[in-house]
Amino acid sequence: MKTAIYTMCDGPPDYAEYCLPTIEHYAKKTGSDLIVMDNTSLLDEYPNNHFLLYECYKHFVNSDYDRMLFMDVDILINPEAPNVFEVFPEGMWLRQGWDWEKVANYAKSAFGEDVSSYAKRYYSCGFAVVGKPEAKKLVELFGTKPWVIGPWGGNQGQFNYFLSQTDIKVNVLPYKWHFTRNWATHHDAWKFGGDPKAALRLCGCESLDEVFVIHYAGGEKVKQLTEDMLFEKWSVKDE
């Protein structure tokens, strides 16, 4: 099986120097090609650089890769994480977010369509394990609607809208494979009953150091990264 890991690194942002080395190491560990999209691939019709996500999917569909892993570049990967392509060898795997109503309201406002019955929770597109059949179905829809920034200021609303227009069966990725760093803070603990440790326990973990994939979404990324220092602990020197 030929695999590729895709990410977007336009700028690059200041947090990339902390996160990208762990992604590069993981690509080597899994025997995957690493493909980094930057502003040279940004189409004029895209509202912002978050929409480079769609160029990653198009590149994958037109390649000879069998499976892809897409991840945002504000992610750290634990060097002890297993090979994601062996753990999830088929289908599409995404972690769930929260209230689908945000996406439904976005779709109604942007496209005049009612997708309220599609799901109860949206899917996070920031870490996705995908096969060719699923990617092709999504790419067929790209460009059929204008590109519109949605909730969370980027591509996630439109990505979920496109999902709702397909018959793709989305498998739910365990939290341990896509853990948002803020879940383990008092700021986002309400999502797990108010306990900052609750999300970790749902992963079967006692600490962040046991999580496979940590997403530094939102907030002051560099500040949190340098407080945690996991980027240093998880750094791997090339042999």
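**Reading the pocket, helix α8 and the salt bridges**

Mentor: Start with the lining of the largest pocket: 14 of its residues are nonpolar, 12 polar and 9 charged. Keep in mind that this is a predicted model.

Trainee: How is a pocket found, and what volume does the largest pocket have?

Mentor: The general idea is simple. A probe the size of a water molecule is rolled over the atoms, and that shows where empty space remains. In this structure, the largest pocket comes to about 870 Å³. Its lining has 35 residues, and those closest to the centre are Asp72, Trp152, His215, Ala217 and Gly218.

Trainee: Which strands each supply at least two residues of that lining?

Mentor: Strands β5 (92-99) and β6 (121-131) do. The largest share is from β6, with 4 residues.

Trainee: Next, helix α8. Which of its residues are buried?

Mentor: Use a cut-off here: buried means under 20% relative accessible area. In α8, residues 221-228, that picks out Lys221, Gln224 and Leu225. They span an arc of only 100 degrees around the axis, so they sit on the same side of α8.

Trainee: What covers the buried residues of α8?

Mentor: The cover includes α1 (16-30), β4 (75-77) and α9 (230-233). Look just past the helix too. Met229 follows α8, and its phi is positive, near 60 degrees.

Trainee: How do I spot a salt bridge, and how many are there?

Mentor: Look for a side-chain nitrogen of Lys or Arg within 4 Å of a carboxyl oxygen of Asp or Glu. That rule gives 10 salt bridges.

Trainee: Which residue pairs with Lys221, and are the two buried or exposed?

Mentor: Asp74 does, with the closest N and O atoms 2.7 Å apart. Asp74 is in the loop between β3 (67-71) and β4, while Lys221 is in α8, so the pair ties together parts 147 residues apart in sequence. Asp74 and Lys221 are both buried.

Trainee: What about Lys137 and Asp167?

Mentor: Their side chains form a salt bridge, 2.8 Å from N to O. Lys137 belongs to helix α5 (residues 132-139), and Asp167 to the loop between α6 (156-164) and β7 (170-172), 30 residues apart. Lys137 is partly exposed at 36% relative accessible area. Asp167 is exposed at 61%.

Trainee: Which residue forms a salt bridge with Asp228?

Mentor: Arg181, at 2.7 Å between the closest N and O atoms. Asp228 lies in α8 and Arg181 in the loop between β8 (179-180) and α7 (198-202), so this pair links parts 47 residues apart. Arg181 is buried, at 9% relative accessible area.

Technical notes: Residues numbered from 1 in each chain as written. Predicted model: local features only at pLDDT ≥ 70, side-chain atom pairs only at ≥ 80, totals over all residues. Heavy atoms only, no water. 1 Å grid on protein atoms, 1.4 Å probe; cavity = no way out; pocket = protein on both sides within 12 Å on 5 of 7 lines; lining within 4 Å. Points joined across faces, edges and corners; volume = space filled by probe spheres on them. Nonpolar A, V, L, I, M, F, W, Y, C, P; charged D, E, K, R; others polar. Buried < 20%, exposed > 50% of the residue type's maximum accessible area, 1.4 Å probe, protein only. Arc of directions from axis to C-beta. Contact = heavy atoms within 4.5 Å.
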